[in-house]
Amino acid sequence: MTKSKRQIQLAIGLAIIGIACVLSYYSIEEKTVSIYDVYLVIDVSGSMLDEGKLDNAKNAANIFIDSIASDKNQIGLVKFSSLVKVLSKATSDSQSLKNMIQSLVAEDGTALGDGIKIATDSLTLEGRSQAKKVMLLLTDGMATEGIDPVGASIVANQNGITIFTVGYGTDADANTLNAIATNTGGQYFYAQSGQDLVDVFNRISKILISPLAHYGSRTLILVAIPILLFLPTLEKGMRTVIEKAEQTFLDKRGPAKSTCPKCGYKNTLNAKFCAKCGIRQ
Amino acid sequence: MINKYAEYLRNIPLLLGGLFLIYVGVVDQTIFYEILDKTYSDRLGITLATAVSAGVPIFFAVGLIKKGVFLRWETIHFYEKMLEGKSFWVLTIIFLVILAYFAFNKGLTLLSTSLIMAACISLIVYLIFYIKKK
């Protein structure tokens, strides 16, 4: 193979990759316009005072707000202990949300189900119709008061809300939180420490920008690489197919024939006399 | 004929390695998130993360599968040269070490990351012996 042919092969291959990347870029643009209304539903029961859990939760929530906040996305805040309170409806003002998060104080029991219900009501009534509705539920224990949280999650699911649940510490009720997440198409995460909590919140924010949502663009790259590398094999294969098609066409047409000027009979090309009327060709 | 089958059997680990890397390129999200963590989550960042997380594993998967089953299939000249030498295999090992590191960072409590870690280590060990034999 000549040097120039090798270079042409490489150039064609790289062009294919380049086109795939450009198409990928534009297909992502179409799909990343998912707009989210996210509600942070945070447990402020008395147990959150232990081991600085509430401070860690505040830190993780602030980082989450930074990563998800944009002009398109809105974030709301609900706190629950024995009582539930919507501290902020969905907003793009991340600074005011952070201020409210800093003002959280731990007290009383855990009305987990009520927290889900109030957040569901607020998201359903106040949420934008074009936005995907998501709830991020953080708790360090199990429901001690209020309505059944699993039942509340079913209602949330009926309203098109996805709930990501985070169990913080060993006392978190993993089974219930798992059921809540499963019922609503979300995911359950467990965090042991403050750093775990930050990682989990980060992971949830990244899930909202999931690669699976950009599968079209991923597929382009996946197809382009083997095409680039197997270019000579593909070239050979194409050439074989074309040659076969040509051969089939010629076989179907059969050998060329000459027409007798008198009777119109089709004789073989080199025949000296017409096979029908005997006239010299 | 027997030699041909023996050769195919000898190359089965390469085929399995190639399939594993296809899995990493198609399904796994470890590399995607690692890149996204270090870049802005804008369109360009996502394009970069998508291209690298899908493209790099498939680049190595093609080589492993070619050497595993499609021995007669011809690849582009520069890639063929890499496959004949040691550079491709050394790069594959480096990539697998990075992937294993990412999986370790993500936490081995998840089944998928544990499997990725185990597969990476097995493949690295096999490739070290494979390079030595070359």
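Is B:Phe88 buried or exposed in this predicted model? With a relative accessibility of 0%, B:Phe88 counts as buried, and the first close-up starts from there.

**View 1. An aromatic cluster in chain B is held together by ring pairs.** Welcome to the rings. Across all chains, a search of the whole structure turns up 13 aromatic pairs. In one of these, the ring centres of B:Tyr79 and B:Phe88 are 5.6 Å apart and the planes stand at 85 degrees, so the pair is edge-to-face. Those two values are the usual way in, since a pair of aromatic rings is described by the distance of the centres and the angle of the planes. B:Tyr79 counts as buried at 2% relative accessibility, and B:Phe88 counts as buried at 0%. Ring pairs also bring B:Phe59, B:Phe60, B:Trp89, B:Phe95, B:Tyr126 and B:Tyr130 into a cluster with B:Tyr79 and B:Phe88.

**View 2. A nonpolar patch lies on the surface of chain B.** Here we move to the outside. B:Leu9, B:Ile12, B:Leu16, B:Leu19 and B:Ile22 make up this patch of about 440 Å². Helix H2 of chain B, residues 12–26, gives the largest share, with four residues. A reminder for reading the helix: an α-helix has 3.6 residues a turn, so residues three or four places apart point the same way. B:Leu19 belongs to helix H2 of chain B. Its relative accessible area is 45%, so B:Leu19 is partly exposed.

**View 3. Strands E2 and E3 of chain A form a hairpin.** Strand E2 spans residues 74–80 and strand E3 residues 84–91, and the two pair in the antiparallel sense over five bridges. Three residues lie between E2(A) and E3(A). To find your place along the pairing, look for A:Leu77, which stands opposite A:Ser88 in E3(A).

**View 4. Helix H4 of chain A carries a set of buried residues.** This helix covers residues 112–126, 15 residues in total, and reaches 21 Å from its first C-alpha to its last. That span is close to the 21 Å expected at 1.5 Å a residue. The buried residues of H4(A) are A:Leu112, A:Gly113, A:Gly115, A:Ile116, A:Ala119, A:Thr120, A:Ser122 and A:Leu123.

**View 5. A:Asp37 and A:Arg128 meet in a salt bridge.** The whole structure holds nine salt bridges over all chains. In this one, the N to O distance between the side chains is 2.7 Å. The partners come from distant parts of the chain, 91 residues apart: A:Asp37 sits in strand E1 (residues 36–43) of chain A, and A:Arg128 in the loop between H4 and strand E4 (132–139) of chain A. Both A:Asp37 and A:Arg128 are buried.

**View 6. Two further salt bridges involve helix H2 of chain A.** The side chains of A:Asp140 and A:Lys53 meet at 3.4 Å, N to O. A:Asp140 is in the loop between E4 and helix H5 (149–158) of chain A and A:Lys53 is in helix H2 (residues 53–68) of chain A, so this pair ties together parts 87 residues apart in sequence. A:Asp140 counts as buried at 2% relative accessibility, and A:Lys53 is buried as well, with a relative accessible area of 8%. The side chains of A:Asp66 and A:Lys98 form a salt bridge at 2.6 Å, N to O. This pair links A:Asp66 in helix H2 of chain A with A:Lys98 in helix H3 (residues 94–102) of chain A, 32 residues apart. A:Lys98 counts as buried at 18% relative accessibility, because buried means under 20%.

Terms used. Residues numbered from 1 in each chain as written. Chains lettered and ligands numbered in written order. Predicted model: local features only at pLDDT ≥ 70, side-chain atom pairs only at ≥ 80, totals over all residues. Heavy atoms only, no water. Patch = residues over 30% accessible without salt bridge, like charges linked within 9 Å, V, L, I, M, F, W, Y side chains within 5 Å. Areas by Shrake-Rupley, 256 points an atom, 1.4 Å probe, with all protein chains shown as cover. Salt bridge = Lys/Arg side-chain N within 4 Å of Asp/Glu carboxyl O. Buried < 20%, exposed > 50% of the residue type's maximum accessible area, 1.4 Å probe, protein only. Phe/Tyr/Trp six-rings, centres within 6.5 Å; stacked < 30°, edge-to-face > 60°. Expected span 1.5 Å × (residues − 1). Pairing = 2+ DSSP bridges.
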